[in-house]
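Visitor: Hi, I have a model open and could use a walk through it. Can we take it piece by piece?

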Amino acid sequence: MAKFLLGWELGANRGHLVRMADVARRLAAEGHEVVLASQRLSRDFDLPANVQLWQAPIWPRLLGNVGALGGPMPNTMGDILVRVGLDIQGTLPTLVQAWRQLLDAMRPDAVAADFAPALLTAARGRMPTLAMGLAFDSVPSHLDEFPSLTGQPAAYPETGVLAAVNASMAAARLQPLAHLPEMFGADHALAGTFTELDVYARWRWEPVVAPSVAHPVGEAGAGEEVFLYADAALLRTPALWDGLARSGLPVRVYAQGASGVQQAELARMGFTVEAAPIPFARIAERSRVVMTYGGLGFTSSALAAGVPVVVVHYDLEKALTGQAITRLQLGGHVYAGSIQPEAFATSLRQLYQNDSFQRRARELAPGFRARLSPSQEELAARWLIDAAG
């Protein structure tokens with residue numbers, strides 16, 4: 001039997017860990033030894049007892065509040081890496097050396113990396129490597145520089161960043177990078193998304209695969225509700241809740257991580273509050289519109305079920321997803337920090353009452369559903385086993 005290391009470094013959403021756990025279950029079920037090295041340690045999901053859970057090396061600014069740094073907003077993946085610490089002297093070589101110590105301790109036959117560029121840099125040339133995850137964090141590594149995702153130039157010019165990184169790599173006696181996107185290079189890449197949502201579609205050589213949707217999505221029914229799947233950031237956005245209340249629409253909410261006090265306050269505002277996650281098929285059946293902070297799994301589920309989507313975003317990745325939804329005429333998007341309650345309520349009512357969104361969503365849904373199989377996790381497990389020989 002083979003040994004595998006699955007690693008996750010960057011990205012705030014729990015979906016990265018859920019995706020890695022799915023791959024780990026598939027590998028463990030066939031008798032293989034699996035170590036999951038994770039940015040955050042958690043066993044509050046279905047992970048086999050024989051899968052080892054290790055702490056992954058941490059990028060420096062993940063230990064603080066990256067959003068509190070100030071400075072320019074990111075326009076490229078390079079800008080995002082700078083914001084999490086790539087500009088700090090010695091960051092990349094320190095992370096690479098830490099990963100190599102884990103690799104030396106485990107001696108895996110192959111490695112899978114989910115938004116883990118330092119792991120890919122550490123493992124390159126040592127064993128087969130697989131890059132998997134969202135399309136946003138699966139950057140085509142053949143590019144000379146990270147492309148702009150906003151139309152604006154990089155906030156942190158890459159020439160200077162690359163020179164500083166390579167100086168620290170040389171000081172640590174590590175191979176320098178030819179260009180920054182090389183950090184994302186792997187023997188095989190599985191970028192999970194629908195092509196219509198792929199921010200790197202014009203540059204990608206390998207085809208995308210199914211987004212990670214681990215549940216039945218169902219189909220749109222005759223529901224009249226607005227369903228909002230909120231996270232901690234949206235819980236801290238009072239203008240959103242004020243606007244929802246002013247809309248006068250029937251709103252059902254699941255707020256991830258909400259306390260009992262917060263749930264009671266949402267109920268007081270007139271919303272139906274779910275204390276625990278509910279099956280997406282049930283959401284699709286009773287919702288006329290769904291709202292989300294922009295997580296790809298929820299958004300993809302809505303597209304496959306045929307329900308219009310409103311993305312309430314607060315970072316670059318989620319904003320790009322919302323813009324794609326708007327271009328497809330399958331819903332809309334709004335930046336959480338710019339919501340004006342009355343204007344938001346009016347826009348939401350207009351979208352809710354416009355039958356063309358429902359018709360178009362249902363028309364395109366079969367095409368999205370057809371692309372949910374085979375799953376990214378199934379393809380990843382199959383590739384890793386083949387690569388291990």
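Visitor: Is the crossing of helix 1 and helix 14 left-handed or right-handed?

Guide: The crossing of helix 1 and helix 14 is right-handed. That means the near helix is turned clockwise from the far one by less than a right angle; anticlockwise would be left-handed. Helices here are DSSP runs of H or I with at least four residues, strands are runs of E with at least two, and both are numbered from the N terminus.

Visitor: What can I trust here?

Guide: This is a predicted model, where local features need pLDDT of at least 70, side-chain atom pairs count only at pLDDT 80 or more, and totals for chains, interfaces and linings use all residues. Residues are numbered from 1 along each chain as its sequence is written, and side-chain values use heavy atoms, with hydrogens and water left out.

Visitor: At what angle do helix 1 and helix 14 cross?

Guide: Roughly 50 degrees, and the axes come within 9 Å. Axes are lines fitted to C-alpha atoms, for helices over the stretch in contact, and angles run from 0 to 180 degrees between N-to-C directions. Helix 1 and helix 14 are therefore oblique to each other. Under 35 degrees is roughly parallel, over 145 roughly antiparallel, 65 to 115 roughly perpendicular, and the rest oblique.

Visitor: Which residues make the contact?

Guide: Helix 1 gives Arg-19, Asp-22, Val-23, Arg-26 and Leu-27. From helix 14, Leu-384 and Ile-385 are among them. Contact means heavy atoms within 4.5 Å.

Visitor: New topic. In what order do the strands of the sheet with strand 9 run?

Guide: The order is 9-8-7-10-11-12, an open sheet of six strands with parallel pairing. Two strands pair if DSSP finds at least two bridges between them. Strand 9 (272-274) and strand 12 (331-335) are the edges, each pairing on one side only. The twist averages 20 degrees from one strand to the next.

Visitor: What does helix 7 touch?

Guide: Helix 7 (residues 238-247) packs on the sheet, touching strand 7, strand 8, strand 10 and strand 11. Its direction makes about 170 degrees with that of strand 7. Helix 12 (residues 341-353) lies across strand 7, strand 10, strand 11 and strand 12.

Visitor: And what is the order in the sheet with strand 3?

Guide: There, six strands run 3-2-1-4-5-6, again open and parallel. Strand 3 and strand 6 are the edge strands.

Visitor: How many bridges link strand 2 and strand 3?

Guide: Four, in the parallel sense. For one of the residues, Ser-38, the bridge partner in strand 3 is Gln-55.
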